[in-house]
Structures are given as C-alpha cells and as structure tokens.
Amino acid sequence: MATTSVRIDQALFDKATIIAKALNRTAPKQIEHWAKIGEMMEDNPDLSYEFVKQAIIAKAEKEAGKLEVYTFD
C-alpha cells in the first residue's frame with residue numbers, strides 16, 4: 001500500500017496516540033480507523049455508528065476466514 005505524509009493538528013495526534021495505545025494500535029492506524037468510519041458515516045448518513053462498526057468487524061472476520069456458513073432450515 002502506498003503511503004503519504006500529511007500534517008494534522010497536534011491535539012488530534014495526541015488524542016489518537018492515547019486511544020491507539022488503549023486499543024493496541026499505532027497512532028497513524030487509529031487516525032486511519034477514524035477516517036474510515038467518517039467516510040462510511042458520510043456515505044451512509046442513515047446508518048447508526050453501531051451498524052457501521054459491526055460492518056467493519058464483519059469485513060475483518062471475512063478477510064480472516066472466520067465466517068461460518070449459515071443454513072436456513
């Protein structure tokens with residue numbers, strides 16, 4: 001994946017550092033996470049944050065091969 005450098009407010013970076021440490025991420029990964037959620041929320045303003053969060057988790061589970069086939073009876 002290509003990367004680029006950007007300038008952000010120091011207070012935002014400091015907050016990301018604190019949250020990232022609690023969630024076992026790096027500060028840049030925390031900011032990427034916030035950006036991903038923000039993009040999804042702007043693209044889908046009718047969806048709740050919880051729904052968006054669960055969609056991100058489901059995608060990660062799929063990519064990790066952790067989904068099970070559900071059979072309707």
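The expected span of a helix is 1.5 Å times one less than its number of residues. Keep that rule in mind as we walk through this predicted model, beginning with helix 1.

Helix 1 covers residues 10–22, which makes 13 residues. From its first C-alpha to its last it reaches 19 Å, close to the 18 Å expected at 1.5 Å a residue. Now look at where helix 1 starts: a side-chain oxygen of Asp9 comes to within 3.0 Å of the backbone nitrogen of Ala11. At the other end, helix 1 is followed by Asn24, and the phi of Asn24 is positive, near 60°.

Stay in this region for a moment and turn to the surface. Val6, Ile8, Leu12 and Phe13 together make a nonpolar surface patch of about 330 Å². One of these residues, Ile8, sits in the segment before helix 1. Is Ile8 buried or exposed, or does it lie in between? Its relative accessibility is 36%, so Ile8 counts as partly exposed.

Next come the charged residues. Side chains of opposite charge can pair when their charged atoms come close. How many salt bridges does the structure hold? The count comes to three, and we can visit each of them in turn.

The first stop is helix 2, which spans residues 27–43. Here Glu32 forms a salt bridge with Lys29, and the closest N and O atoms are 3.5 Å apart. Where do the two partners stand along the helix? Glu32 and Lys29 are three residues apart in helix 2, so about one helical turn separates them. Both ends of this bridge can be described by their accessibility: Glu32 is partly exposed at 39%, and Lys29 is partly exposed at 44%.

Helix 3, residues 49–63, is our next stop. It has 15 residues and reaches 21 Å from its first C-alpha to its last, close to the 21 Å expected at 1.5 Å a residue. Within helix 3, Lys53 forms a salt bridge with Glu50, with 3.6 Å between the closest N and O atoms. These two residues are three apart in the helix, so they too are separated by about one helical turn. Lys53 has a relative accessible area of 30%, which means that it is partly exposed; Glu50, at 41%, also counts as partly exposed.

Further along helix 3, Lys59 forms a salt bridge with Glu63, the closest N and O atoms lying 3.4 Å apart. This time the partners are four residues apart, and the separation is again about one helical turn. What about their accessibility? Exposed means over 50% relative accessible area. Lys59, at 53%, therefore counts as exposed, and Glu63 is exposed with 61%.

Just beyond, helix 3 is followed by Gly65, whose phi is positive, near 70°.

Our last stop is a pair of rings. A pair of aromatic rings is described by the distance of the centres and the angle of the planes. Searching the whole structure turns up one aromatic pair. The pair consists of Tyr70 and Phe72, with 5.0 Å from centre to centre and 85° between the planes, an edge-to-face arrangement. Are these residues buried or exposed? Tyr70 is exposed, and Phe72 is exposed as well.

How values were computed. Residues are numbered from 1 along each chain as its sequence is written. This is a predicted model: local features need pLDDT of at least 70, side-chain atom pairs count only at pLDDT 80 or more; totals for chains, interfaces and linings use all residues. Side-chain values use heavy atoms; hydrogens and water are left out. A salt bridge is a side-chain nitrogen of Lys or Arg within 4 Å of a carboxyl oxygen of Asp or Glu. Buried means under 20% relative accessible area, exposed over 50%, partly exposed in between (1.4 Å probe, protein chains only). Rings of Phe, Tyr and Trp (its six-membered ring) pair if their centres lie within 6.5 Å; planes under 30 degrees apart count as stacked, over 60 as edge-to-face and the rest as tilted. A polar contact is a pair of N or O atoms within 3.5 Å; within protein, one must be able to donate a hydrogen and the other to accept it, and residues adjacent in sequence count only if both atoms are side-chain atoms. Patches are made of residues with over 30% relative accessible area and no salt bridge: like charges are joined within 9 Å, nonpolar side chains (Val, Leu, Ile, Met, Phe, Trp, Tyr) within 5 Å. Accessible areas come from the Shrake-Rupley method with a 1.4 Å probe; for residues, only the protein chains shown count as cover.
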